[in-house]
Amino acid sequence: MQPLNIKLYDLARAKLHLKDSDAMEFVSAIHEMHDHLDQNLATKEFVSKELSETKFEILKWLFIFWVGQLSITIGIVLMLINK
């Protein structure tokens, strides 16, 4: 076992009053959880990519909204001018 595993094993036995086999299972479970957590962490590159894609989507929809608002405004102004 690695030194960190040995310390964790010793703490599990001393503080939690676990048997040898239970302490080993406890240490194994903690390492499995730690490995699982490392796999689910987002990297800086991933977050940056997602933010840039989101910014692009927002700008696209804002542009569509502005074009729609401008066309409606022009239509209303033309309708008022023609009366």
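## I58 and the nonpolar patch

I58 comes out as partly exposed in this predicted model, because its relative accessibility is 48% and the exposed class only starts over 50%. The residue sits in helix α3, which covers residues 44–82.

I58 also has company at the surface. Together with L59, W61, L62, F63, I64, F65, W66 and V67, I58 makes a nonpolar surface patch of about 970 Å².

## Two salt bridges on helix α3

The salt-bridge count for this model is two. One of them joins the side chains of K49 and E53, with 3.7 Å from N to O. These two residues are four apart in helix α3, so about one helical turn separates them. Neither end is tucked away: K49 is partly exposed at 48% relative accessible area, and E53 is partly exposed as well, at 36%.

The other pair is K60 and E57, whose side chains meet at 3.3 Å, N to O. Here the spacing is three residues in helix α3, which again means about one helical turn between K60 and E57. K60 has 34% relative accessibility and counts as partly exposed; E57, at 35%, gets the partly exposed label too.

## Overall layout

As for the fold, it's helices and nothing else in the way of strands: the chain has three helices and zero strands. Reading from the N terminus, the order is α-α-α.

This chain is no compact globule. For 83 residues, such a globule would have a radius of gyration near 12 Å, yet the chain comes in at 30 Å. The C-alpha trace spans about 90 × 25 × 15 Å along its principal axes.

To get a feel for the spread, take E32 and F56. They are 24 residues apart along the chain, and their C-alpha atoms are separated by 38 Å. E32 belongs to helix α2, residues 20–39, and counts as exposed because its relative accessibility is 58%, with the cut-off for exposed being over 50%.

## Surface and charge

How much of the chain is buried? Just 6% of the 83 residues fall into the buried class. The chain exposes about 7,600 Å², and carbon and sulfur atoms supply 68% of that area.

On the charge side, there are 9 positive and 11 negative side chains. The centres of those two sets lie 11 Å apart.

Definitions and conventions: Residues are numbered from 1 along each chain as its sequence is written. This is a predicted model: local features need pLDDT of at least 70, side-chain atom pairs count only at pLDDT 80 or more; totals for chains, interfaces and linings use all residues. Side-chain values use heavy atoms; hydrogens and water are left out. Patches are made of residues with over 30% relative accessible area and no salt bridge: like charges are joined within 9 Å, nonpolar side chains (Val, Leu, Ile, Met, Phe, Trp, Tyr) within 5 Å. Accessible areas come from the Shrake-Rupley method with a 1.4 Å probe; for residues, only the protein chains shown count as cover. A salt bridge is a side-chain nitrogen of Lys or Arg within 4 Å of a carboxyl oxygen of Asp or Glu. Buried means under 20% relative accessible area, exposed over 50%, partly exposed in between (1.4 Å probe, protein chains only). The radius of gyration is taken over C-alpha atoms; the globule rule is 2.2 Å times the number of residues to the power 0.38. Lys and Arg count as positive and Asp and Glu as negative; His and the chain ends are not counted. The place of a charge is taken as NZ of Lys, CZ of Arg, CG of Asp or CD of Glu.
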